[in-house]
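Me: Got a minute to go through this model with me? Here it is.

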Amino acid sequence: METAKIGIMGGTGVYQLPGVEDLHREVVNTPYGSVPVNIGVLGGKTIAFMTRHGEHHSISPGQINYRANIWAMKELGVKQMFATACSGSLNPGFPTGSFVLLEQFIEFTKNRHSSFYENDGTEEKKIGHADLTHPYCARLGGVVLKAAEELGLHVGTGATYCCMEGPRFETAAEIRMYRSLGADLIGHTNYPESALAREAEICYAAIGIVSNMAAGILDRPVTATEVTDVMGRAFGDVQRLLAKSVELLPDEDCWCQHSMSEAFL
């Protein structure tokens with residue numbers, strides 16, 4: 001099986017990466033099921049690319065096999081991963097169409113397996129307690145910001161992302177509550193993906209792509225059509241930003257890649 005040190009996880013609207021050369025598909029077997037991964041060369045570097053919703057957006061947020069996806073990346077040798085996160089904005093400072101680097105998250109999911117270390121006591125298995133004080137790799141985020149600067153793109157910083165179960169959009173009352181808790185963006189998929197990446201000791205940075213203002217921010221309904229339209233317009237810049245980030249990414253060690261060394265009781 002071919003290996004890749006760099007991973008890209010594409011969310012809503014990012015189902016392919018134009019410009020990737022020698023693209024081919026590997027099916028990776030994991031303890032949580034088999035998943036397809038696209039392998040290719042971008043910016044002279046081998047990458048592993050996945051689409052978390054599937055290439056035809058056929059997998060609901062709560063049904064995504066997050067553990068299989070991250071395990072497959074680890075199995076392929078990925079040490080550093082960029083992800084996109086289609087998001088609604090609760091913060092007028094992050095308007096529709098903008099790019100925002102995620103810094104913190106709050107999660108309100110309900111039915112997801114969120115750890116590789118789940119155990120009911122029936123087998124000998126250590127329980128890992130991952131540190132998520134800073135859930136996204138700041139070093140990797142710095143690469144994204146440098147890439148954006150070179151491309152003349154603006155990427156906002158300091159965002160707290162709230163993850164809901166989905167696939168429904170939120171009520172205006174929920175959005176008021178999340179704003180009071182300090183959330184800037186809201187979406188359905190960045191948790192548990194980010195937490196699992198930490199457990200897998202993979203450096204992980206996520207770029208929030210604001211597809212709409214959240215419920216109640218504007219005096220009109222939130223529609224999936226609006227999300228699709230905005231993501232379609234943003235795709236070219238998303239692709240350029242990811243490609244430049246891969247190009248600039250150094251192959252270096254990081255705390256994230258040893259984060260579980262003291263995580264076991």
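Me: Is M177 buried, exposed or partly exposed?

Reply: M177 counts as partly exposed, because its relative accessibility is 38%; buried means under 20% relative accessible area, exposed over 50%, partly exposed in between (1.4 Å probe, protein chains only). Keep in mind that this is a predicted model: local features need pLDDT of at least 70, side-chain atom pairs count only at pLDDT 80 or more, and totals for chains, interfaces and linings use all residues. Residues are numbered from 1 along each chain as its sequence is written, and side-chain values use heavy atoms, with hydrogens and water left out.

Me: Ok, and which nonpolar surface patch is M177 in?

Reply: One of about 260 Å², made by M177 with F108 and L181. Patch residues have over 30% relative accessible area and no salt bridge (Lys or Arg side-chain nitrogen within 4 Å of an Asp or Glu carboxyl oxygen); nonpolar side chains are joined within 5 Å, like charges within 9 Å.

Me: Switching to cysteines: how many disulfides?

Reply: The count is 0, taking a disulfide as two cysteine sulfur atoms within 2.5 Å.

Me: Why doesn't C137 bond with C256?

Reply: Because their sulfurs are 3.8 Å apart, too far for a bond, and C256 has the closest cysteine sulfur to C137.

Me: And C203?

Reply: No disulfide there; the nearest cysteine sulfur, in C254, is 3.6 Å away. C203 is buried, at 0% relative accessible area.

Me: Last one: where does H53 sit?

Reply: In the loop between β4 (45-51) and α1 (66-75). H53 counts as buried, at 3% relative accessibility.

Notes. Helix = DSSP H or I, 4+ residues; strand = E, 2+ residues; numbered from the N terminus. Areas by Shrake-Rupley, 256 points an atom, 1.4 Å probe, with all protein chains shown as cover.
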